[in-house]
Number of protein chains: 2
Amino acid sequence: MEPFSRTVDLATGKISGASNHWVRHLSEMRDMYQDQGAVAEILRAGDPLIYEVYEIAVPEEEGQLIQCVTIIHPGRVGSEYYMTKGHYHKKRDRAEVYLCLSGQGYLLLQTEEGASQAMELEPGTAAYVPPHWAHRTVNVGDRPLVFYGVYPADAGHDYEAIEEQHGFSLMVCERGGRPALEKNPHFKRR
Amino acid sequence: MEPFSRTVDLATGKISGASNHWVRHLSEMRDMYQDQGAVAEILRAGDPLIYEVYEIAVPEEEGQLIQCVTIIHPGRVGSEYYMTKGHYHKKRDRAEVYLCLSGQGYLLLQTEEGASQAMELEPGTAAYVPPHWAHRTVNVGDRPLVFYGVYPADAGHDYEAIEEQHGFSLMVCERGGRPALEKNPHFKRR
């Protein structure tokens, strides 16, 4: 395999020549927000882009690494801030790292054994998602939250486990103009 | 294992709370530069800092990822620009990724089968070092070259193979005020 490079726009997060550019609109994750009345009302007027991911793909083999940049746009669904779907890795023992490039946010984490954590993200934060921790990111600022991420190419994604649990145990909501961590009332422990 | 974060100064590359901070002075890599007269002359006046690495360590296990920031200072030894020692991974099938944060440089790569490549680094370059490729970085600018790197925690480092080969097959020298790629006259194919 030959070496190669791509160019990340460090201001916007866009990758020139990315292998994939995934976009996630509200309609694709409508069940993930708590306030279903707010979801319905927003979707009557349009289908906003919540987040996008530029991926630099390589063979999904042990020893290879996938790079991506995630851009979460600013906004809320009811009081809940825009966020990613979140996932476990299919191979549960694969870690992930993030380097936050711009914006303000939270990284929500949880294990199948019931542990949960929230970590603030700001420019320069190097966050470690250890093996076995599901991870979701949330934009609590008024500009895009942009971060570069790396994970083992054989990790895989498991979104279903999160859906079965009705999301993450923690959620990030706007209260009095500031982000507040709250317990997800519908969360199901495994 | 619990999630954690550290803070990278995106301008300077320094990591607050890094597990390790390695520094490499000229005396520690004196044999790696071609112009041994220039090495001796510089060392008579002092022992300049060539590069430093801030590392965020985790258990050296399959599935975990090591993050580091490398800062190569600007300068030359004779006509050859300041550079890192360079290495293969002990586990040859482990890749590495770099995100260049500031400065101007080159990434030199080679395989044990005799292939070699050079890749330019500038802010935003996301470089892929595939499995089996040795890698060295070179600062050709007049400011520090700073890049964030990630590699599998079980990769290990093999510096000896590079020393046995008398370095990399390519070298980067200043010619007429600009960087030029040249063949290393002492390079030994394996």
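Here are some numbered notes on this predicted model, starting with chain A and then turning to how it meets chain B.

1. Let's start with the parts list. Chain A is mostly worth reading strand by strand: the count is 15 strands and 2 helices. As for overall size, chain A has a radius of gyration of 16 Å, and the globule rule gives 16 Å for 190 residues, so chain A is as compact as a globular protein of that length.

2. If you want a feel for the outline, look at the C-alpha trace of chain A, which spans about 50 × 35 × 30 Å along its principal axes. Of the 190 residues in chain A, 45% are buried.

3. How far apart in sequence are the residues that touch? Take the contacts in chain A between residues at least 6 apart in sequence: 69% of these join residues at least 24 apart.

4. Now a nice local feature to find on screen. Strand 14 (residues 170-175) and strand 15 (residues 178-183) of chain A run antiparallel and are joined by 6 bridges. To get your bearings, pick out C173(A), which sits opposite A180(A) in strand 15. The two strands make a hairpin with 2 residues between them. Check G176(A) in that turn too, as its phi is positive, about 60°.

5. On to the pair of chains. Chain B can be laid over chain A by a rotation of 180° with 0.0 Å of shift along the axis, and the RMSD is 0.0 Å. The two copies are thus related as by a two-fold rotation axis.

6. Which surface does each copy use to meet its partner? They meet through the same surface, because 100% of the interface residues of chain B are also interface residues in chain A. The contact involves 38 residues of chain B and 38 residues of chain A. On the chain B side, several strands each supply at least two residues, among them strand 5 (65-72), strand 8 (96-102) and strand 13 (145-152). Sorted by class, that side of chain B has 25 nonpolar, 8 polar and 5 charged residues.

7. Last, don't miss the strand pairing that crosses between the chains. Strand 11 (residues 125-129) of chain A pairs with strand 1 of chain B in the antiparallel sense, over 4 bridges. For a concrete spot to zoom in on, try A127(A), whose bridge partner in strand 1 of chain B is S5(B). Strand 1 (4-8) of chain B is also one of the strands that supply at least two residues to the side touching chain A.

Technical notes
Residues numbered from 1 in each chain as written. Chains lettered and ligands numbered in written order. Predicted model: local features only at pLDDT ≥ 70, side-chain atom pairs only at ≥ 80, totals over all residues. Rg over C-alpha atoms; globule rule 2.2 N^0.38 Å. Buried ≥ 20, exposed ≤ 12 C-beta atoms within 10 Å, placed from the backbone. Contact = placed C-beta atoms within 7 Å. Pairing = 2+ DSSP bridges. Least-squares fit on C-alpha atoms with pLDDT ≥ 70 in both. Nonpolar A, V, L, I, M, F, W, Y, C, P; charged D, E, K, R; others polar.
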